[in-house]
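This report introduces a protein structure to a reader who has not met it before. Please view the sequence and the model together while reading.

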Amino acid sequence: MKRLSVVDAERCVGCQCCMFACSRRTNSHGLSESCIGVRSSSGVEHGFIVVACRVCEDPPCVRACPMGALTRTEKRGIHLAEEKCTGCGSCAEACVVGAVYWDSEINKPMICIQCGFCVDFCSHGVIEMRERKAADDAK
Ligand code: SF4
Ligand code: SF4
């Protein structure tokens, strides 16, 4: 399956266009609904960290959910069954890279659905939809 991949974080200028695009996908303005995150690694001179769900082979977020609300799918990455979710936050704590974002209005996690919508909005070639192997999860 193709997954959203950070192919060259060194090229990230911190514009957050990917975040705006992801938020916009759900008709939200601003950045609050984004399932991809860009943050400074410690001051602009040190560059940026781009955090997106890696669709782990054996996802810690899925294992951590006491309600069975998360499943790993081949086409859309991690799927949330909202009706099962109690908003406990265990998935966000368990994610190895901090890729479970939070919708505080409804108190539920937001996890990338691997649609690739954000890719076209990054004009710096930082992110791509790319085939990934299990071994890539460590990167
Ligand atoms: S917040 Fe929801 S999806 Fe996450 S672990 Fe708790 S019940 Fe599961
Ligand atoms: S949300 Fe985090 S733990 Fe879950 S599959 Fe994505 S990267 Fe892995």
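## Basis of the description

Helices (H or I, at least four residues) and strands (E, at least two) are DSSP runs, numbered from the N terminus. The model is a predicted one, in which local features need pLDDT of at least 70 and side-chain atom pairs count only at pLDDT 80 or more, while totals for chains, interfaces and linings use all residues. Residues are numbered from 1 along each chain as its sequence is written, chains are lettered from A and ligands numbered from 1 in the order in which they are written, and side-chain values use heavy atoms, with hydrogens and water left out.

## Helix α1 and the loop before it

Helix α1 spans residues 17-25, and its buried residues (under 20% relative accessible area, with a 1.4 Å probe and protein chains only) are C18, M19, A21, C22 and S23. The cover over these buried residues includes β2 (37-40) and β8 (127-131). After α1 comes N27, with a positive phi near 65°.

The loop between β1 (2-6) and α1 holds Q16. Although Q16 is not a glycine, its phi is positive, at about 65°. Q16 counts as partly exposed because its relative accessibility is 25%, and this class lies between buried and exposed, the latter being over 50%. R11 is in the loop between β1 and α1, and its 48% relative accessibility makes it partly exposed. Leaving aside residues up to four places away in sequence, R11 touches H124 and V126 (contact means heavy atoms within 4.5 Å). R11 and A21 are ten residues apart along the chain, and their C-alpha atoms are separated by 18 Å.

## The β4–β5 hairpin

Strand β4 (residues 70-73) pairs with β5 in the antiparallel sense over four bridges (DSSP must find at least two bridges for strands to pair). Three residues lie between β4 and β5 in this hairpin. Opposite T71 stands H79 of β5.

## The largest pocket

A pocket is defined on a 1 Å grid over the protein atoms alone, as an open set of points where a 1.4 Å probe fits, with protein on both sides within 12 Å along at least five of seven lines; lining residues have an atom within 4 Å of a point. The largest pocket holds about 320 Å³ of space, a volume being the space filled by probe spheres set on the grid points, which are joined across faces, edges and corners. Its lining has 17 residues, of which E82, P109, M110, I111 and I113 are the closest to the centre.

Both β5 (77-80) and β7 (108-110) supply at least two residues each to this lining. By class, the lining has eight nonpolar, three polar and six charged residues, where Ala, Val, Leu, Ile, Met, Phe, Trp, Tyr, Cys and Pro count as nonpolar, Asp, Glu, Lys and Arg as charged, and the others, Gly among them, as polar. In the loop between β6 (101-103) and β7 lies N107, which is not a glycine yet has a positive phi of about 55°. N107 is partly exposed, at 35% relative accessible area.

## The two ligands

Around ligand 1 there are 15 residues (each with a heavy atom within 4 Å of it), and C65, C85, C88, G89 and C91 are the closest. This shell comprises eleven nonpolar, four polar and no charged residues.

Ligand 2 is surrounded by C53, R54, V55, C56, P59, P60, C61, I78, C95, V97 and V100. Its shell has ten nonpolar residues, no polar residues and one charged residue.
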